[in-house]
Amino acid sequence: MSRTLKAAATETSTAAPSGNDAVAQSVRELIADVRGRGDAAVRELSARFDRWEPDSFRLGQEQLSEIIGTLDAQVIEDIKTVQANVRRFAEAQRESMSEIEIETAPGVFLGHRHVPVQSVGAYIPGGRYPLTASAHMTIVTAKAAGVPRVVACTPPIKGEIPAATVAAMHLAGADEIYILGGVQAIAAMSVGTETIKPVDMLAGPGNAYVAEAKRQLFGEVGIDLFAGPTEILIVADDTADPFVVAVDLLSQAEHGPDSPAVLVTTSERVAEETRRHIEEILPGMPTGDIAGAAWRDHGRIILADDLDEAYRIADELAYEHVQILTENPREALERMHAYGALFLGEGTCVSYGDKVIGTNHVLPTRGAARYTGGLWVGMYLRTVTYQEVREPKSSADLGVLCGRAARVELFEGHARSGDVRAAKYAGVPLEWTAHYSGGSKAAGA
């Protein structure tokens, strides 16, 4: 039976963004404003929330060159290296998605194809941190899927253009780049304005207002997923290094004061030493005020009787990032089922996934890992089917079957579509009309 050695001071919500609170009402009004007044509303909202009102929110080629030219060569080289990692994995994912065509009966062909979404709006957050990695994850992956038009928005940071983020957006392949943030950016990309053509799908993380805007606009546009505060859960046995465990828990706690960080371990020694290391590290950590609040309010340490129980607890929590620091970490691939991404062994850490390794860091939170994975190349593709019946006899047989099946459901119109083909290709009488004189023709004609 598990024991809780450190409980969270604040219960972590597992609910998706709600439409019934003050945030939702504010977002609803902002979207309506952009929908009604277009560019004028976007400009006013950007001035109000970001103190940003340039002649044009969209960056031209000359501006892009100037902004990117301010960065050190090493920064550019690192962006290119990370994006190559992301692109390599996304392209491998795309290549794994086979298109199929099968003949289910003589002359009856069924198939599916993977067709890219035609336009995507990628939101790259700013705010507390300039999240250049989100440009890699959203834009590079969309381009690997074959999306022809990617619109990318990122907010100014304290009145300045975030040069590294812009470089990442450009190098990732964004077709349009706007220095524009918040709900006004999400709304402009979704409903369109005089200068921004609307997109078909939104992708990327953001604050509570951005997440709520995506929720409200879902249906009018597609979205990648609903995302909440970053989560980390570490499963550890007695072989784990408590100092590494502590560092890795705090690495994710610094995302925000509402970011849960949980250790599930079979070792009381690892549990106690991890807690001690966290208390020692936090005072000297530059982001210790944020990470400390997250650990105080949402940090947990759970002592499990054995790894079976540890994996069960981890599955019940269904966290975004699950790190396995055990003697045999790969066994988690078979033992665990509900997680956004697994990080196996001490040589791997969640920060690699966040920043550099190549897998996507846009992942399900708030328990959504029970039913969905994270952003990947397949989310930008629509798997669409097609059908073709070339053999007249097969069409006639299907027509007879369709007539019977449709009439069970009282769909007479559907039944008659089948009847017509049964009559045309096999001479089956049409009892519901005297106006049709059929004649046999090739089914594909």
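These legends go with a set of close-up views of one predicted model.

Residue numbers start from 1 along each chain as its sequence is written, and side-chain values rest on heavy atoms, with hydrogens and water left out. Since the model is predicted, local features need pLDDT of at least 70 and side-chain atom pairs count only at pLDDT 80 or more, while totals for chains, interfaces and linings use all residues.

**View A. Helix α7, wrapped up by its surroundings.** Helix α7 covers residues 182–191, and 10 of its 10 residues are buried, so the rest of the structure largely encloses it. Here, buried means under 20% relative accessible area, exposed means over 50%, and partly exposed is in between (1.4 Å probe, protein chains only). Helices (H or I, at least four residues) and strands (E, at least two) are DSSP runs, numbered from the N terminus. The buried set in α7 runs through Gly182, Val183, Gln184, Ala185, Ile186, Ala187, Ala188, Met189, Ser190 and Val191. What sits over them? The cover includes helices α1 (22–37), α2 (39–50) and α8 (208–217), along with strands β4 (119–123), β5 (149–154) and β7 (201–203). Just past the end of α7, glycine 192 has a positive phi of about 85°.

**View B. A salt bridge between strands β6 and β5.** Glutamate 176 pairs up with arginine 149, and their closest N and O atoms are 2.8 Å apart. A salt bridge here is a side-chain nitrogen of Lys or Arg within 4 Å of a carboxyl oxygen of Asp or Glu. Because glutamate 176 belongs to β6 (residues 176–179) and arginine 149 to β5, the pair ties together parts that are 27 residues apart in sequence. Are the two partners buried or exposed? Glutamate 176 is buried at 12% relative accessible area, and arginine 149 is buried too, at 14%. Over the whole structure, the search turns up 22 salt bridges.

**View C. A salt bridge inside helix α10.** Glutamate 272 and arginine 275 meet through their side chains, at 3.9 Å from N to O. They are 3 residues apart in α10 (residues 268–281), so about one helical turn separates them. Glutamate 272 is partly exposed, with a relative accessible area of 37%. Arginine 275 is partly exposed as well, at 22%.

**View D. Aspartate 419 and arginine 407 join up.** This salt bridge comes in at 2.6 Å, N to O. The pair links distant parts of the chain, with aspartate 419 in helix α16 (residues 412–426) and arginine 407 in helix α15 (residues 392–408), 12 residues apart. Aspartate 419 counts as buried at 13% relative accessibility, whereas arginine 407 counts as partly exposed at 33%. Zoom out a bit and there is a network: salt bridges that share partners join Arg407, Glu412, Arg416 and Asp419.

**View E. Histidine 321, a buried residue in strand β12.** Strand β12 spans residues 321–325 and includes histidine 321. At 1% relative accessibility, histidine 321 counts as buried. A polar atom of the histidine 321 side chain lies 2.7 Å from the backbone oxygen of glutamate 231. Leaving aside neighbours within four places in sequence, the contacts of histidine 321 (heavy atoms within 4.5 Å) are Thr230, Glu231, Ile232, Leu233, Gln252, Ala341, Phe343, Val350, Asp354 and Leu363.

**View F. The second largest pocket, lined without charged residues.** A pocket is an open set of points on a 1 Å grid over the protein atoms alone, with protein on both sides within 12 Å along at least five of seven lines; a cavity is a set where a 1.4 Å probe fits but cannot get out, and lining residues have an atom within 4 Å of a point. This pocket has a volume of about 330 Å³, where volume is the space filled by probe spheres set on points joined across faces, edges and corners. Its lining has 16 residues, with Phe89, Gly340, Ala341, Thr359 and Asn360 nearest the centre. Both α4 (73–96) and β13 (341–344) supply at least two lining residues, and β13 provides the largest share, 4 residues. By class, the lining has 9 nonpolar, 7 polar and no charged residues. Nonpolar covers Ala, Val, Leu, Ile, Met, Phe, Trp, Tyr, Cys and Pro, charged covers Asp, Glu, Lys and Arg, and the others, Gly among them, are polar.

**View G. The largest cavity.** The search finds 1 cavity of 30 Å³ or more, and the largest cavity holds about 40 Å³ of space. Its lining is made up of Val86, Phe89, Ala90, Gln93, Thr141, Gly358, Thr359, Asn360 and Trp376. Helix α4 gives the most, with 4 residues. By class, that is 4 nonpolar, 5 polar and no charged residues.

Terms used
A polar contact is a pair of N or O atoms within 3.5 Å; within protein, one must be able to donate a hydrogen and the other to accept it, and residues adjacent in sequence count only if both atoms are side-chain atoms.
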